[in-house]
Amino acid sequence: MKNKLHFLSGIPYSGSTLLSAILNQNPQTHVSTTSGLVHALAGLANTWKSNEILIYNDDEHKKLIQNMRNMIDICYEDIDKPVIIDKSRGWIGPNIMRSVSKVIDGQFKMIVTVRFLPDCVAELVNFAKPNNLDEFIELDESIQNLKSTYISLEEVYKHKPDNFLIVEYEDLIKNPKIQLDRIHEFLELPSFEYDFNNIDGSKVLKDDENLFNTDEFHDIKPVLAKQKDVNSKDILQHHYIPFCQPEFWLDQPRTIIEPHDIDLQLEAAIKGDFAEAWRLAEKLEKEEPNNPRAVFNRGWYYLRQNQVQKGYQLMDAGRVVGVFGNSKPNLSSPRWDGKSKGIVLLYLEGGLGDQIHQVRYAKNIAQRGCKVIVACSGSLCSLFADVEGVSSVVQHEAMPGVHHNYWVAGMSAVVPLGFELSDLDGSAYISKPTSITGSKKRIGLRWQGNPDFESDHHKLFPFELMFSAIKDVDAEFISLQRDATIKNSCPSWVKTVPLNTWEDTRNAVASCDLVISACTSVSHLSGAMGIPTWVILPVLPYFLYAKEGNKTPYYDSFTLFRQEQYGEWKAPFNKITQSLSVEPEKIRRIK
Amino acid sequence: MSLYVRIEDGEVKNCQGTTDDRPGWKSAVEVRPTIIPHRQAHSNHIFDLTKDPVEIIYLIENIEVDVRKAGLKSKSEFLFKQIVEIQNLLDRSQYNAEAIETARQQMNTKIASIDACTTHDQLDSLALDNQLDNPVLV
């Protein structure tokens, strides 16, 4: 390669463009504007590896490396400066860094500009001036780019800190000479006197504006100074704290963030202090009435107070920040108002258990004179085909092509239906296949849900408590646990049955006289089929079980066993042992 | 075990336990320099062709604290799983939830103390390396 190649990257709005303009004063260095070189090299490497003609062996690998070097040379053939600094966020990636290290001469060196993350986000908000801050923060590509850059940088910096020189925006503004000296030492450049009172940013700005097809994307003044104060706390409001992420490049954290009331509310609720959590909910209502997370949480407490309609209305406000685990479906049709007749697309959302719960509303919507098409995860389609009220079922991916007049969000279907507590129907709605029964009672066990979510919801209990609670019962036990890693905790006296599909699970559940389960999708299926089901719940349960007591209006066949103290799971299992010993009729064969 | 290398144009072309009819075979021995247990490991090797027999010299790489921590935590988790597996094989009348609970608490304590360490000295003071390499399953 004819030039020495280094790299420049940065979190958006952290000064990388400014730094480019400064470094370009140096006759020894050329800093590119945002470059596509990384993508071109990645494209070449991927093509090389995936193409059968270009067999990927040692010889071909040497050719690939040489081709990549040639590509870099061609890219910068018009530049007569000995040191090239290619600017792109794409360079921050472990695989890319490893591959490029083989291509360039010498060590991979990258300068990365960083800044207090909320200030970067606030700059993006100031630039975009969104009408809806919540939607912008949740969905806008620029915010997603910022998040992914931060996450990638944290990951690669952790493993290869020596490859990076981190330049903080504030330091660059306050003490540019020190930062430029650091850069020179890092890149082993000869010394150069930069003029911080005469910075020409016109070239890089023009190129970036052409690239991003927008004006005034950045503003570089000739004299180095902080351009404007950003009051990120005011601009970002309730989004401020989530962006206060660790400044991992510092040995000691600089900012100590006080927990937000929403965090305190969650902490109180997890430990069962619902009075304090409700006090905070009321406080947040006054102080941050439009904070969608606070509104969503308040909905949970209204459900706890049996105010079903109000609770669901408030929870629906959380949709904009993705509280149900799905982004807003890309549908141009209006949301159903509960009265209009036509074809209604019932969009089932959240996890599989959520969807099994929500499909019940097809019947209620159909009773209003509508034809209901259900959109759900592909694996559940067969379960829902014969649910009352369902006209047809499509999987989510096919949803945009389905003709309909209105759509309903499954989690919020109660809102247009206008339901209150007395309108909720706990009867079975998923059909139960006929199963062969043996002479012994059969109990199905499910001790853990999706391992990705268990800890988050504080519902993971020590599995041995469940096995210990039931081991003395004269019954046959089957495992309803599908995940391979979790199955390892299953004793040999608990039988395994096929659970490869949801149809298998339906058959397995149907064969049980009783299902004992953590709050999982299997418990929803069991309840939806009307099978007696005992559900073990954490102190802070899923919203369907917010209302106190051991029964729920959503599933008549459910009995709830609640954790009584955070961190302590023995109490609900002692009750299960007791119930199994004193109420054996509950698990009598009923088929 | 005997080791042989085949040298062609001053480069090692083969390294194996037996020779064949091709020319250039020489005896070789492995040289593993002393390492500091739990802090260093042998990595790649180089050939010293000036020695007879040829020396296959292993290089030494330092084990980063985080890597050692991850290994210790993984072994702690594996030990817990082994105890669960023992219980799983028992008849239901012998199933001992307390044994699993105790093992879980021990695992959690170990992991918390490993997490708290930031240096090899601190990890040494836990004295977990040998204990986890040679667990006693009760």
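Biologist: In which strand is the place of Arg442(A)?
Modeller: In this predicted model, Arg442(A) has its place in strand β10 of chain A, which covers residues 442–446.

Biologist: Why is Arg442(A) called buried?
Modeller: The relative accessible area of Arg442(A) is 18%, and the word buried is kept for values under 20%; Arg442(A) is therefore counted as buried.

Biologist: What makes the pairings of the Arg442(A) side chain with Glu476(A) and with Ser511(A) polar contacts?
Modeller: The side chains of Arg442(A) and Glu476(A) are joined at 2.7 Å, and the side chains of Arg442(A) and Ser511(A) at 2.7 Å. The cut-off for a pair of N or O atoms is 3.5 Å, with one atom able to donate a hydrogen and the other to accept it, so both pairings qualify as polar contacts.

Biologist: How many helices and strands does chain A have, and what share of its residues is buried?
Modeller: Chain A holds 24 helices and 15 strands, and of its 591 residues 52% are buried. Among contacts in chain A with a separation of 6 or more, 70% are between residues 24 or more positions apart.

Biologist: What makes helix α20 of chain A largely enclosed by the rest of the structure?
Modeller: Helix α20(A) spans residues 463–470, and 7 of its 8 residues are buried, which means that the helix is largely enclosed. The buried residues are Phe463(A), Glu464(A), Leu465(A), Met466(A), Phe467(A), Ala469(A) and Ile470(A).

Biologist: Why are α14(A) and α15(A) described as roughly antiparallel?
Modeller: The axes of α14(A), residues 292–304, and α15(A), residues 308–316, come within 7 Å and cross at roughly 165°. Angles over 145 degrees count as roughly antiparallel, and the two helices are therefore roughly antiparallel to each other. Their crossing is left-handed. On the side of α14(A) the contact involves Val295(A), Phe296(A), Arg298(A), Gly299(A), Trp300(A), Tyr302(A) and Leu303(A), and on the side of α15(A) it involves Val308(A), Lys310(A), Gly311(A), Tyr312(A), Leu314(A) and Met315(A). By class, these residues are 9 nonpolar, 2 polar and 2 charged.

Biologist: What makes α22(A) oblique to α23(A)?
Modeller: Helix α22(A), residues 502–510, and helix α23(A), residues 521–528, have axes that come within 10 Å and cross at roughly 60°. An angle under 35 degrees would count as roughly parallel, and one from 65 to 115 as roughly perpendicular; the crossing falls in neither range, nor over 145, so α22(A) is oblique to α23(A). The crossing is right-handed. In the contact, Trp502(A), Thr505(A), Arg506(A) and Val509(A) of α22(A) meet Ser521(A), Val522(A), Leu525(A) and Ser526(A) of α23(A), a set that divides into 4 nonpolar, 3 polar and 1 charged.

Biologist: How do you know that His357(A) is buried?
Modeller: His357(A), in helix α16 (residues 352–358) of chain A, has a relative accessibility of 1%; set against the limit of under 20%, this value makes His357(A) buried. Leaving out residues up to four places away in sequence, His357(A) touches Tyr312(A), Tyr429(A), His524(A), Leu544(A), Tyr554(A) and Tyr555(A). The C-alpha atoms of His357(A) and Ala528(A) are 7.3 Å apart, although 171 residues separate the two in sequence.

Biologist: Why does Glu349(A) count as buried, and what does its side chain meet in the backbone?
Modeller: Glu349(A), in the loop between β6 (343–347) and α16 of chain A, has 1% relative accessibility and is buried because that value is under 20%. A polar atom of the Glu349(A) side chain lies 2.9 Å from the backbone nitrogen of Met411(A).

Biologist: What makes the phi of Glu188(A) and that of Gln237(A) worth a remark?
Modeller: Most residues other than glycine have a negative phi. Glu188(A), which is not a glycine, has a positive phi of about 55°, and Gln237(A) has a positive phi near 50°.

Biologist: Why is Glu188(A) called exposed, but Gln237(A) partly exposed?
Modeller: Exposed requires a value over 50%, and partly exposed covers the range between that and 20%. Glu188(A), in the loop between α9 (176–187) and α10 (202–212) of chain A, has a relative accessible area of 64% and is therefore exposed. Gln237(A), in the loop between α11 (232–236) and α12 (261–270) of chain A, has 48% and so counts as partly exposed.

Methods. Residues are numbered from 1 along each chain as its sequence is written. Chains are lettered from A and ligands numbered from 1 in the order in which they are written. This is a predicted model: local features need pLDDT of at least 70, side-chain atom pairs count only at pLDDT 80 or more; totals for chains, interfaces and linings use all residues. Side-chain values use heavy atoms; hydrogens and water are left out. Axes are lines fitted to C-alpha atoms, for helices over the stretch in contact, and angles run from 0 to 180 degrees between N-to-C directions. Helices (H or I, at least four residues) and strands (E, at least two) are DSSP runs, numbered from the N terminus. A crossing is left-handed if the near helix is turned anticlockwise from the far one by less than a right angle, and right-handed if clockwise. Contact means heavy atoms within 4.5 Å. Ala, Val, Leu, Ile, Met, Phe, Trp, Tyr, Cys and Pro count as nonpolar, Asp, Glu, Lys and Arg as charged, and the others, Gly among them, as polar. Buried means under 20% relative accessible area, exposed over 50%, partly exposed in between (1.4 Å probe, protein chains only).
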